[in-house]
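Student: Could you take me through this model with a close look at one spot on the chain? Please start from that spot and then connect it to its surroundings.

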Amino acid sequence: MAETWTVRSLLQWAREWLGKKGVENPRLDAELLLAHALRCDRIRLYIDTDKPLAATELAAFKELIKRRGAREPVAYILGTKEFHGRPFEVAPGVFIPRPETELLVRIVTEHLAPDGKARVLDLCAGSGAVGISIAAERPRSSVDLVEVSEGAAAVARRNAARLASGRVRVITGDLFAALGEKVRYDAIAANPPYVATADAKRLAPDVLQHEPHLALFAGDDGLAVIRRIAAGIRDWLAPGGLFVTEIDPAQGQAVLALLREAGLTQLRIERDLAGLDRHVVGKGT
């Protein structure tokens, strides 16, 4: 007689199996994937913990868990990643937004008046999570997103149409060179690639083997892209406008020096919830 798998027994097996594969959060990943296979939310798993799975449901889940065991990111398997309380479409070739980057959104939105008009630029936009979140939080703002990857830009356009329709423009191109008309932005946010090529070995297999290297690596010191942004920032940032960029925690002082040389003032470093230097902030003059 075939073994009957319940929600409880299947989750227990999946947690143990993923743990042996080196997955960092096996319980959470197992729950997310099973909820997806059953087309329900995670709370329903706890309500129906003794529910037996149909053969089709079991087959669907095992296919998903196999992909995760091969270290494919959950966000790619599900096709979505929650960021700042909203679901963003992601896909292979699109950088997956991280929880620590939500602080970047908060820094910008706190700078902008809740009911005021503003022009915002999001560089290295990826899925558009940062710029679209800002547009959603500050509905009178106009946000430009710049992303060098055509595939990622296409995903960002779909996210913008769904979450901030009519208030976000997605531009495909290389940093400031992608912008046509010369405008001054009230806030510029960037989450550029900042991993040094020599540090590739410290990345998890989920990241190194699956996420786009274009969005990860930035030369020998990890500062190649941030250095280019700093070189052009004064031409695009309004006087008193805010600039904020995400960094590797070890890069804080180097990025402060780049922005100081670029003429920005009121420079500071913001730490993330783990207490690590994560964002460098400055203002235009």
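Tutor: Let's start at Arg39, which lies in the loop between α2 (26-38) and α3 (42-47). Helices here are DSSP runs of H or I of at least four residues, strands are runs of E of at least two, and both are numbered from the N terminus. Before going further, please note that this is a predicted model, in which local features need pLDDT of at least 70 and side-chain atom pairs count only at pLDDT 80 or more, while totals for chains, interfaces and linings use all residues. Residues are numbered from 1 along each chain as its sequence is written, and side-chain values use heavy atoms, with hydrogens and water left out.

Back to our loop. Arg39 has a positive phi of about 60 degrees, although Arg39 is not a glycine. Is Arg39 buried or exposed? With a relative accessible area of 80%, Arg39 is exposed; the cut-offs are over 50% for exposed, under 20% for buried and partly exposed in between, using a 1.4 Å probe and protein chains only.

The helix that leads into this loop, α2, packs with helix α4 (residues 55-69) at an angle of about 140 degrees, and their axes are 9 Å apart. Axes are lines fitted to C-alpha atoms, for helices over the stretch in contact, and angles between N-to-C directions run from 0 to 180 degrees. α2 and α4 are therefore oblique to each other: angles under 35 degrees count as roughly parallel, over 145 as roughly antiparallel, 65 to 115 as roughly perpendicular, and the rest as oblique. Their crossing is right-handed, meaning that the near helix is turned clockwise from the far one by less than a right angle, whereas anticlockwise would be left-handed.

Who meets whom there? From α2 come Asp29, Ala30, Leu33, Leu34, His36, Ala37 and Leu38, and from α4 come Glu57, Ala60, Phe61, Leu64, Ile65 and Arg68; contact means heavy atoms within 4.5 Å. By class, this contact of α2 with α4 has 9 nonpolar, 1 polar and 3 charged residues. Ala, Val, Leu, Ile, Met, Phe, Trp, Tyr, Cys and Pro count as nonpolar, Asp, Glu, Lys and Arg as charged, and the others, Gly among them, as polar.

Thr6 offers a contrast in accessibility: at 18% relative accessibility, Thr6 counts as buried. Thr6 sits in the segment before α1 (7-20). Leaving aside neighbours within four places in sequence, Thr6 is in contact with Thr49, Asp50, Lys51, Pro52 and Leu53.

Another non-glycine residue with a positive phi is Gln266, at about 50 degrees. Gln266 lies in strand β8 (residues 265-271) and is exposed, with a relative accessible area of 55%. Not counting residues up to four places away in sequence, Gln266 touches Val281, Gly282 and Lys283. Strand β9 (residues 277-283) pairs with β8 in the antiparallel sense over 5 bridges; two strands pair if DSSP finds at least two bridges between them. One such bridge joins Arg268 to Val281 in β9.

These strands belong to an open sheet of 7 strands with mixed pairing, in the order β5-β4-β3-β6-β7-β9-β8. Its edge strands are β5 (168-172) and β8, each pairing on one side only. From one strand to the next, the twist averages 15 degrees. Helix α6 (residues 102-111) packs on the sheet and touches β6 (185-190), β7 (237-246), β8 and β9, with its direction at about 165 degrees to that of β7. Helix α8 (residues 150-163) lies across β4 (141-147) and β5, running at about 170 degrees to β5.

Finally, a helix with little exposure and a small hairpin. In helix α7 (residues 129-137), 7 of the 9 residues are buried, so α7 is largely enclosed by the rest of the structure. Strands β1 (residues 80-83) and β2 (residues 86-89) pair in the antiparallel sense over 4 bridges. Their hairpin has 2 residues between the strands, and there His84 takes a positive phi near 55 degrees.
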